[in-house]
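Colleague: I would like to go through this structure and ask how each label was earned. Please show it first.

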Amino acid sequence: MRPATQHGGKVVGFTGARAGMTPLQLDVFARILQRLQPTRFVHGDCIGADADAHAWIVGSGLALPIRIRPSTSATRAWSEGADEVLPPRKPMLRNRDIVDDAELMVACSPSPSEILRSGTWAAIRYARKKNKPLVIIWPDGSVAWERL
């Protein structure tokens, strides 16, 4: 795994699919987060990957502050244990808020290639547009590092 120490101590934003992370994605996510040592983690509290990431952090003992930026969608996970929960916003606006909050984005792609009508991929495209450092974890556990 590529070292990411220059981005340690930063706000990490997260996006992922409603289907959840694959076991390989979850393993790689955990190792990347431990290496990054962020000061805050921001996610959208959707069922699936957001809930997976949240549960891992809460169960890990990292004592990592979590900011939730929920959407108005019925797919909210209602994760517990966050230190900050902001008012719900429409899904695409919420995705942009997560990217805007973050100094570095971690994305768990639901597929091995880009999907046009996907909230995860909309957040990835927006992070690229904003020139944010980005880590994409593919379903097979491989990783693409952008601007790191």
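Modeller: What follows takes the sheet, one strand, the helices, the cores and a few single residues in turn. The model is predicted.

Colleague: What is the order of the strands in the sheet?

Modeller: The order is β4-β3-β2-β1-β5-β6-β7, seven strands in an open sheet with mixed pairing.

Colleague: What makes β4 and β7 edge strands?

Modeller: β4 (84-85) and β7 (143-146) each pair on one side only.

Colleague: How do you know that β2 and β3 are paired?

Modeller: Pairing needs at least two bridges, and three bridges join β2 (residues 40-43) to β3 (residues 66-68). These two strands run parallel. One of the partnerships is that of His43 with Ile68 in β3.

Colleague: What joins β1 to β2?

Modeller: Three bridges join them, and the two strands run parallel. Pairing asks for at least two bridges, so β1 and β2 count as paired. Val12 stands opposite Phe41 in β2.

Colleague: Why is β1 called largely enclosed?

Modeller: Six of its six residues are buried, so β1 is largely enclosed by the rest of the structure. Val11, Gly13 and Thr15 point one way from the strand, while Val12, Phe14 and Gly16 point the other way. In a regular strand, side chains alternate between the two faces of the sheet.

Colleague: Which helix packs on the sheet, touching β1, β5, β6 and β7?

Modeller: That is helix α4 (residues 119-129), and its direction makes about 155 degrees with that of β6.

Colleague: How do you know that the span of α2 agrees with its number of residues?

Modeller: Helix α2 (residues 49-60) has twelve residues, and at 1.5 Å a residue they should span 16 Å. The end C-alpha atoms are 16 Å apart, so the two values agree.

Colleague: Which residues of α2 are buried?

Modeller: They are Ala49, Asp50, Ala53, His54, Trp56 and Ile57. These buried residues cover an arc of only 160 degrees around the axis, which puts them on the same side of α2. They pack against β1, α1 (23-36), β2, β3 and α3 (91-101).

Colleague: What follows α2?

Modeller: Gly61 does, with a positive phi near 80 degrees.

Colleague: Which residues touch the most other members of the largest nonpolar core?

Modeller: In this core of 23 residues, they are Phe14, Phe29, Leu33, Phe41, Ile57, Val106 and Ile137. The elements giving two or more residues to the core are β1, α1, α2, β3, β5 and β6. The largest share, six residues, comes from α1. Another core, of 15 residues, lies apart from this one, and its members include Trp121, Ala127, Leu134 and Ile136. In soluble globular proteins, nonpolar side chains tend to be buried together.

Colleague: Why does Phe29 count as buried?

Modeller: Buried means under 20% relative accessible area. Phe29 is at 1%, so it counts as buried. Phe29 is found in helix α1. Leaving aside neighbours within four places in sequence, the contacts of Phe29 include Phe14, Phe41, Ile57, Val106 and Ile137.

Colleague: How many residues apart in sequence are Phe29 and Ile137?

Modeller: They are 108 residues apart in sequence and 7.4 Å apart in space, C-alpha to C-alpha. Contact means heavy atoms within 4.5 Å, and Phe29 is among the contacts of Ile137.

Colleague: Is Asp45 buried or exposed?

Modeller: Its relative accessible area is 1%, so Asp45 is buried. Asp45 is found in the loop between β2 and α2, and has a positive phi of about 55 degrees although it is not a glycine. Most residues other than glycine have a negative phi.

Colleague: What makes Trp78 exposed?

Modeller: Exposed means over 50% relative accessible area. Trp78 has 59%, so it is exposed. Trp78 is found in the loop between β3 and β4, and its phi is also positive, near 55 degrees.

Colleague: Where is Ser109?

Modeller: Ser109 is in the loop between β5 and α4. With a relative accessible area of 1%, Ser109 is buried. Leaving aside neighbours within four places in sequence, Ser109 is in contact with Gln25, Thr120, Trp121, Ile136, Ile137, Trp138 and Pro139.

Notes
Residues are numbered from 1 along each chain as its sequence is written. This is a predicted model: local features need pLDDT of at least 70, side-chain atom pairs count only at pLDDT 80 or more; totals for chains, interfaces and linings use all residues. Side-chain values use heavy atoms; hydrogens and water are left out. Helices (H or I, at least four residues) and strands (E, at least two) are DSSP runs, numbered from the N terminus. Axes are lines fitted to C-alpha atoms, for helices over the stretch in contact, and angles run from 0 to 180 degrees between N-to-C directions. The expected span of a helix is 1.5 Å times one less than its number of residues. Buried means under 20% relative accessible area, exposed over 50%, partly exposed in between (1.4 Å probe, protein chains only). The arc is that of the directions from the helix axis to the C-beta atoms. A nonpolar core is a set of buried Ala, Val, Leu, Ile, Met, Phe, Trp, Tyr and Cys residues joined through side-chain atoms within 4.5 Å.
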